Amino acid sequence: MRLVPPCCKLQTLVLKGDYVGIEKERPISVSERAVNRPRPTILVVDDEYFNFEMLKASLGDEFSLSYANSGTSCLTSAIAEPPDAILLDVCMPGLDGYDTCRLLKNTPETEQIPVVMVSGLETELEQKAGFDAGCDAYVVKPFSVKTLIEKIKTLV
């Protein structure tokens, strides 16, 4: 793993499935880094840790990310340390994304946390199920990292 000096920023392409392409590095100024501005916290919930690593590489400059590997651990984490938003995978063993979202939205401590469902399931019926469960946004894989960042920023 190559460490990137603080004066450089990774510029990403498109997240396709589980892969993020790195296009190039470019120098950034101190004002761009907004050194003293706290980054919003995002809880990424996915049973595949590799997906978290890819999102961390893509979103780490904009957000502070933490990880939960199941719906149950998401609920525990969200109550203990409420994030500014949750990126929630739909297809997980045990408590799936839909049920996890319902529980989040029906729990007083977590009901106000925006939930973005992230899934390869793209039919209108599946997206409707996500919104019926209470999600604030539904993002279909593959997606543009820039679009995901913009969507998260509108919610936090």
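Tutor: Buried means under 20% relative accessible area, exposed means over 50%, and partly exposed lies in between (1.4 Å probe, protein chains only). Helices (H or I, at least four residues) and strands (E, at least two) are DSSP runs, numbered from the N terminus. This is a predicted model: local features need pLDDT of at least 70, side-chain atom pairs count only at pLDDT 80 or more, and totals for chains, interfaces and linings use all residues. Residues are numbered from 1 along each chain as its sequence is written, while side-chain values use heavy atoms and leave out hydrogens and water.

Student: Which residues point the other way from Val-115, Met-117 and Ser-119 in strand 6?

Tutor: In a regular strand the side chains alternate between the two faces of the sheet. In strand 6, Val-115, Met-117 and Ser-119 point one way, and they are buried. Pointing the other way, and also buried, are Val-116 and Val-118.

Student: How many residues of strand 6 are buried?

Tutor: Strand 6 is largely enclosed by the rest of the structure. The reason is its count of buried residues: 5 of the 5.

Student: In what order do the strands of the open sheet lie?

Tutor: Two strands pair if DSSP finds at least two bridges between them. Here 5 strands pair in the parallel sense. Their order is 4-3-5-6-7.

Student: Which strands are the edge strands?

Tutor: An edge strand of this sheet pairs on one side only. That picks out strand 4 (64-68) and strand 7 (137-140).

Student: By what angle are neighbouring strands of this sheet turned against each other on average?

Tutor: Axes are lines fitted to C-alpha atoms, for helices over the stretch in contact, and angles run from 0 to 180 degrees between N-to-C directions. For this sheet's neighbouring strands, direction is ignored. The average turn is 20°.

Student: Which residue in strand 4 stands opposite Val-45?

Tutor: Strand 3 (residues 41-45) and strand 4 are parallel partners, with 5 bridges. Opposite Val-45 stands Ala-68.

Student: Which residue in strand 6 is the bridge partner of Asp-89?

Tutor: Strand 5 and strand 6 pair in the parallel sense, over 4 bridges. The bridge partner of Asp-89 is Val-118.

Student: At about what angle does helix 6 run to strand 7?

Tutor: Helix 6 covers residues 145-155. It lies across strand 3, strand 5 (85-89), strand 6 and strand 7. Its angle to strand 7 is about 170°.

Student: How many aromatic pairs are there?

Tutor: Rings of Phe, Tyr and Trp (its six-membered ring) pair if their centres lie within 6.5 Å; planes under 30 degrees apart count as stacked, over 60 as edge-to-face and the rest as tilted. The count by this rule is 3. One of them is tilted, with centres 5.5 Å apart and planes at 50°: Tyr-49 and Phe-52.

Student: Is Phe-52 buried or exposed?

Tutor: Tyr-49 and Phe-52 both lie in helix 2 (residues 49-59), 3 residues apart. Tyr-49 has 42% relative accessibility, so it counts as partly exposed. Phe-52 has 4%, so it counts as buried.

Student: Why is the pair of Phe-52 and Tyr-67 tilted?

Tutor: The ring centres of Phe-52 and Tyr-67 are 5.0 Å apart. The pair is tilted because the planes stand at 40°.

Student: How many residues separate Phe-52 and Tyr-67?

Tutor: Phe-52 is in helix 2 and Tyr-67 is in strand 4, so look along the chain between these distant parts. Tyr-67 counts as partly exposed, at 25% relative accessibility. The separation from Phe-52 is 15 residues.

Student: What arc do the buried residues of helix 2 cover?

Tutor: The arc is that of the directions from the helix axis to the C-beta atoms. In helix 2 the buried residues are Asn-51, Phe-52, Met-54, Leu-55, Ser-58 and Leu-59. They sit on the same side of helix 2, because their arc is only 160°.

Student: How many residues has the largest nonpolar core?

Tutor: A nonpolar core is a set of buried Ala, Val, Leu, Ile, Met, Phe, Trp, Tyr and Cys residues joined through side-chain atoms within 4.5 Å. In the largest one, the residues with the most contacts inside it are Val-45, Ile-86, Leu-88, Val-115 and Met-117. Its residue count is 19.

Student: How far apart are Pro-83 and Leu-43, C-alpha to C-alpha?

Tutor: Pro-83 lies in the loop between helix 3 and strand 5. It is buried, with a relative accessible area of 9%. Pro-83 and Leu-43 are 40 residues apart in sequence, but in space the separation is 6.1 Å.

How values were computed
Contact means heavy atoms within 4.5 Å.
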